[in-house]
Amino acid sequence: MDSTFSSRKATKTKTLVINALFIAFTLAATMFINLRLPIMGNGGLIHLGNVPLLIAAFVYGRKTGAIAGAFGMGLFDLISGWTAWAPFTFVIVGAMGYVAGLIAEKVPGNRVFVYSLAVAAALVIKIVGYYFVEVILYGNWIQPFGSIPGNVLQVVVAAVIVIPLVGRLKKIVGQG
């Protein structure tokens with residue numbers, strides 16, 4: 001048997017399994033580890049779905065981060081009654097995972113600084129993306145400002161959890 005073919009098949013299978021696991025982790029963390037806050041707009045749903053999203057992006061790269069975010073949180077929207085948000089979430093959160101992973105892969109320097117920069121970029125994508133989605137869905141330029149504190153809190157909490165762990169996780173999986 002050709003060892004190159006076998007190796008390629010194993011790599012594709014491993015990638016598929018990792019992507020599926022992080023989709024499931026992101027979906028579960030969004031769905032089951034959340035808190036509804038009484039904030040105007042949609043900024044009241046605080047969840048930990050950004051934790052597996054950022055881990056996927058930092059440990060396995062931009063593609064896995066994008067897939068975990070887009071499909072994991074997009075599925076959450078579809079099955080939890082936020083269906084109108086699903087296509088927007090797919091794009092916005094997919095972009096968050098992709099950009100965070102891209103920065104983590106390509107920017108040299110102190111890893112804590114690089115991961116913090118990646119999280120900041122993901123946060124900007126989330127705030128700007130969801131602001132304009134709310135403008136589109138609600139036809140109001142003021143109401144979406146109410147969602148910003150919740151979005152910031154979600155991503156900052158995820159950063160506080162992920163940044164100290166990601167170096168260790170990369171060593172465990174043999175990526176670092």
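Select helix α2 (residues 50–60) and helix α6 (residues 148–172), where Asn50, Val51, Leu54, Ile55, Phe58 and Val59 of α2 are in contact with Gln154, Val155, Ala158, Ala159, Ile161, Val162, Val166, Leu169 and Lys170 of α6, contact meaning heavy atoms within 4.5 Å. By class, this set of residues holds twelve nonpolar, two polar and one charged; Ala, Val, Leu, Ile, Met, Phe, Trp, Tyr, Cys and Pro count as nonpolar, Asp, Glu, Lys and Arg as charged, and the others, Gly among them, as polar. The model is predicted, so that local features need pLDDT of at least 70 and side-chain atom pairs count only at pLDDT 80 or more, while totals for chains, interfaces and linings use all residues. Residues are numbered from 1 along each chain as its sequence is written, and side-chain values use heavy atoms, with hydrogens and water left out.

Keep both helices in view and look at their axes. Two packed helices are described by the angle between their axes and the distance between the axes. The axes of α2 and α6 come within 9 Å and cross at roughly 40°, the axes being lines fitted to C-alpha atoms, for helices over the stretch in contact, with angles that run from 0 to 180 degrees between N-to-C directions. That crossing makes α2 oblique to α6, given that angles under 35 degrees count as roughly parallel, over 145 as roughly antiparallel, 65 to 115 as roughly perpendicular and the rest as oblique. The crossing of α2 and α6 is right-handed: the near helix is turned clockwise from the far one by less than a right angle, whereas an anticlockwise turn would be left-handed. The helices named here are DSSP runs (H or I, at least four residues), numbered from the N terminus.

Next, add helix α5 (residues 111–138) while α6 is still selected. The axes of α5 and α6 come within 10 Å and cross at roughly 155°, which makes α5 roughly antiparallel to α6, and this crossing is right-handed. On the α5 side, the contact is made by Val112, Tyr115, Ser116, Val119, Leu123, Lys126, Ile127 and Tyr130, and on the α6 side by Ile148, Asn151, Val152, Gln154, Val155, Ala159, Ile163, Val166 and Lys170. These residues divide into twelve nonpolar, three polar and two charged.

Stay on α5 and pick Ala121. Ala121 has 21% relative accessibility and therefore counts as partly exposed (buried means under 20% relative accessible area, exposed over 50%, and partly exposed in between, with a 1.4 Å probe and protein chains only). Residues up to four places away in sequence aside, Ala121 touches Val99 and Ile103. From Ala121 to Val99 the C-alpha distance is 7.2 Å, across 22 residues of sequence.

Now move to helix α3 (residues 62–79) and helix α4 (residues 86–106), whose axes come within 7 Å and cross at roughly 160°. The two are therefore roughly antiparallel to each other, and their crossing is right-handed. Among the α3 residues in this contact are Gly65, Ala66, Gly69 and Gly74, and the α4 residues include Gly94, Gly97 and Gly101. The contact of α3 with α4 comprises ten nonpolar, seven polar and four charged residues.

Within α3, select Ala66, which is buried at a relative accessible area of 15%. Beyond its neighbours within four places in sequence, Ala66 is in contact with Gly94, Gly97 and Tyr98. Ala66 and Asn19 lie 47 residues apart in sequence, with 9.6 Å between their C-alpha atoms.

Finish with the aromatic rings, of which the model has ten pairs; rings of Phe, Tyr and Trp (its six-membered ring) pair if their centres lie within 6.5 Å, and planes under 30 degrees apart count as stacked, over 60 as edge-to-face and the rest as tilted. Phe22 and Tyr60 have ring centres 5.7 Å apart and planes at 55°, so this pair is tilted. Because Phe22 lies in helix α1 (residues 3–32) and Tyr60 in helix α2, the pair ties together parts that are 38 residues apart in sequence. Phe22 counts as buried at 10% relative accessibility, whereas Tyr60 is partly exposed at 25%.

Then select Phe132 and Trp141, an edge-to-face pair with 6.2 Å centre to centre and 85° between the planes. Phe132 is partly exposed, with a relative accessible area of 41%, and Trp141 is exposed, with 53%. Adding Tyr131 and Phe145 to the selection shows the cluster that ring pairs form from Tyr131, Phe132, Trp141 and Phe145.
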